[in-house]
Amino acid sequence: MGNFSAAGRDRVKKILQEETFDLFVIGGGITGAGIALDAATRGLKVGLAEMQDFAEGTSSRSTKLVHGGLRYLKQFEIKEVAELGRERAIVYENGPHVTTPVWMLLPFHKGGTFGSFTTALGLKVYDILANVKKGERRFMLSADETIAREPLIKKDGLLGGGVYVEYRTDDARLTIEVMKAAVANGAVAMNYLKVVGFEADNLAFSKVTVEDQLTGEQYAVRAKRVVNAAGPWVDEVRKLDGELDNKHLILSKGVHLVFDEDDFPLQQAIYFDTEKDGRMIFAIPRDGKAYVGTTDTFYEGDPKELKVTQEDRQYILDAIHYMFPQLQLTEEKIESVWAGVRPLIHEEGKGPSEISRKDEIWQSESGLITIAGGKLTGYRKMAEKIVDLVVKQLNDQFQQTYGKSITKHLPISGGEMSGSKFFDRFVAKRTITGQQLGLTEEESRYLAKFYGTNVDKVFDYISHAKGDLPPIVYGQLYYAMNDECACTPADFFIRRTGALLFNIHYVRQYKVLVLEEMAKYLKWDEQQKQQHMQQLEHALKDVTIS
């Protein structure tokens with residue numbers, strides 16, 4: 001049992017209480033995970049606390065694209081486009097099992113945001129800035145070629161389209177694979193551990209008081225440097241430090257709708273502008289579904305209580321009806337929904353779509369370092385910047401000699417296959433291995449693509465399957481509990497498998513059996529079982545239209 005097992009929380013707690021960490025990270029989304037990995041691979045002693053499950057906030061609720069920020073060209077954020085474009089290729093090479101290149105169609109119509117010339121020019125500039133490799137450079141289509149590529153598209157006023165590459169990802173799995181890599185390199189990370197107090201002590205270290213959300217127990221963690229990477233809760237952590245100066249967050253809400261391919265048979269990923277306000281929306285096919293989003297509206301409530309409103313749903317349905325007029329999609333056809341918030345740094349007088357997505361770092365008088373803003377795609381670079389700052393301070397104060405970041409060419413967990421060019425060959429080999437265990441070809445291929453080089457561990461659990469769960473579900477569940485710190489059925493069905501969003505029938509079919517298996521393995525009493533089932537039912541309600 002490793003240090004990333006749901007059954008090993010007591011051992012991790014002991015380490016957190018006994019060590020004095022070089023760096024303690026607050027927040028277990030993609031930013032916190034990236035910081036933990038960068039710091040651990042430079043030799044720092046790293047601790048991390050996430051008050052919910054890893055990736056439960058913004059990092060499992062995005063548009064699920066590692067994209068290069070094409071729309072920032074309109075805002076002339078040239079440096080941002082160049083950096084994000086280069087970073088997405090690095091993210092792909094380091095984890096090809098969680099990131100997939102997809103051709104994206106950008107159609108243009110009479111009177112739309114883009115025309116033929118501006119699309120061609122914009123995509124060419126994008127190719128140059130983002131240093132796009134030859135086989136993924138943009139090409140232009142006539143109106144007829146655009147329709148052939150996606151027959152559902154609005155034909156009235158269609159002038160043509162541009163095609164370029166984006167990278168589709170599973171945001172929650174990307175975060176968890178980065179976190180697993182950090183833990184494998186020595187970081188100590190725990191979910192359901194909330195920071196409730198912060199005390200800047202002498203120059204040697206600060207004390208962070210944490211509370212285990214599963215047991216209610218509180219204890220202190222010592223660290224020489226503390227980084228606040230709490231995403232939408234950054235300001236709440238800053239209040240614990242007693243400092244909330246003129247910089248503050250503003251939250252922007254984004255909503256996505258999921259449809260079955262029988263109702264929305266989308267062939268081609270599309271990036272299009274809406275009729276209502278000219279905002280850009282993605283429609284993306286994925287695993288027998290199509291998902292569409294996102295909205296962009298200011299949000300002032302508690303991010304934990306985020307709800308998809310009828311107005312949110314109608315905005316996206318209107319956008320679909322405009323770009324895909326032959327589809328007769330109604331609310332009843334929505335299979336699932338998700339909503340998330342983007343933590344943006346407030347800029348006076350700007351709407352949510354106009355505020356920069358740049359990240360910023362600042363430090364309070366007591367020494368708490370905060371990072372806010374930024375994009376999923378840029379997580380590695382953000383981590384590098386903040387760990388550079390931490391390392392400089394540690395080197396200066398404690399005469400330590402930590403070096404530079406090594407994450408640019410470092411595979412994340414599951415990505416150890418020498419780069420994307422070997423991925424298909426790897427999947428083909430492991431598909432045969434899975435079939436030898438009695439799995440179907442489809443099941444074997446799915447597991448190999450989903451887990452990458454970690455699939456052998458999943459196969460090992462499958463080979464020992466017993467009880468009422470099908471072997472594939474048993475294997476995934478035990479891997480999630482023992483190797484990915486899944487502590488609840490919601491962790492498993494939402495962030496370890498993505499099933500709640502993209503295979504809701506699977507969740508309904510196996511929720512009771514999964515609960516019983518977890519209860520037996522993690523030694524829950526009847527009250528804990530009821531709590532975890534209520535949590536899952538609540539999550540089911542949140543993603544479906546009742």
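Begin by selecting cysteine 485, which sits in the loop between helix H13 (471–483) and helix H14 (489–496). The model on screen is a predicted one, and in it the phi of cysteine 485 is near 55 degrees, a positive value in a residue other than glycine. With a relative accessibility of 3%, cysteine 485 counts as buried, since the cut-off for that word is under 20% relative accessible area.

Next, go to tyrosine 192, in the loop between strand E7 (188–190) and strand E8 (193–200). Tyrosine 192 is not a glycine either, yet its phi is positive, at about 55 degrees. Its relative accessibility is 7%, and so tyrosine 192 counts as buried.

Keep tyrosine 192 displayed and add arginine 9, which has tyrosine 192 among its contacts. Leaving aside neighbours within four places in sequence, the other residues in contact with arginine 9 are Met190, Asn191, Asp212, Leu214 and Cys487. Arginine 9 belongs to helix H1 (residues 9–18), and with a relative accessible area of 10% it is buried.

Now turn to the peptide bond between glycine 293 and threonine 294, which is cis, with omega at about 20 degrees. Threonine 294 lies in the loop between strand E14 (289–293) and strand E15 (297–299).

For the interior, select Ile35, Leu44, Leu174, Val227, Leu447, Phe493 and Val514, the residues that touch the most other members of the largest nonpolar core, a set of 113 residues. Colouring helix H16 (residues 504–522) shows where the largest share of this core comes from, namely nine residues. Centre the view on leucine 174, which touches Ile30, Val66, Val91, Val98, Thr169, Leu376 and Ile412 when residues up to four places away in sequence are not counted. Apart from this core lies another, of 35 residues, including Leu251, Phe272, Ala283 and Val292. In soluble globular proteins, nonpolar side chains tend to be buried together.

Finally, zoom out to the whole protein chain, which has 17 helices and 18 strands and whose C-alpha trace spans about 65 × 55 × 45 Å along its principal axes. Its radius of gyration is 23 Å, which agrees with the value near 24 Å that a compact globule of 546 residues would have. Buried residues make up 59% of the 546 residues, and of the contacts between residues at least 6 apart in sequence, 71% join residues at least 24 apart. A surface display would show the roughly drawn outside of the chain, where about 22500 Å² is exposed and carbon and sulfur atoms supply 50% of that area.

Terms used:
Residues numbered from 1 in each chain as written. Predicted model: local features only at pLDDT ≥ 70, side-chain atom pairs only at ≥ 80, totals over all residues. Heavy atoms only, no water. Helix = DSSP H or I, 4+ residues; strand = E, 2+ residues; numbered from the N terminus. Rg over C-alpha atoms; globule rule 2.2 N^0.38 Å. Buried < 20%, exposed > 50% of the residue type's maximum accessible area, 1.4 Å probe, protein only. Contact = heavy atoms within 4.5 Å. Areas by Shrake-Rupley, 256 points an atom, 1.4 Å probe, with all protein chains shown as cover. Core = buried A, V, L, I, M, F, W, Y, C linked by side-chain atoms within 4.5 Å.
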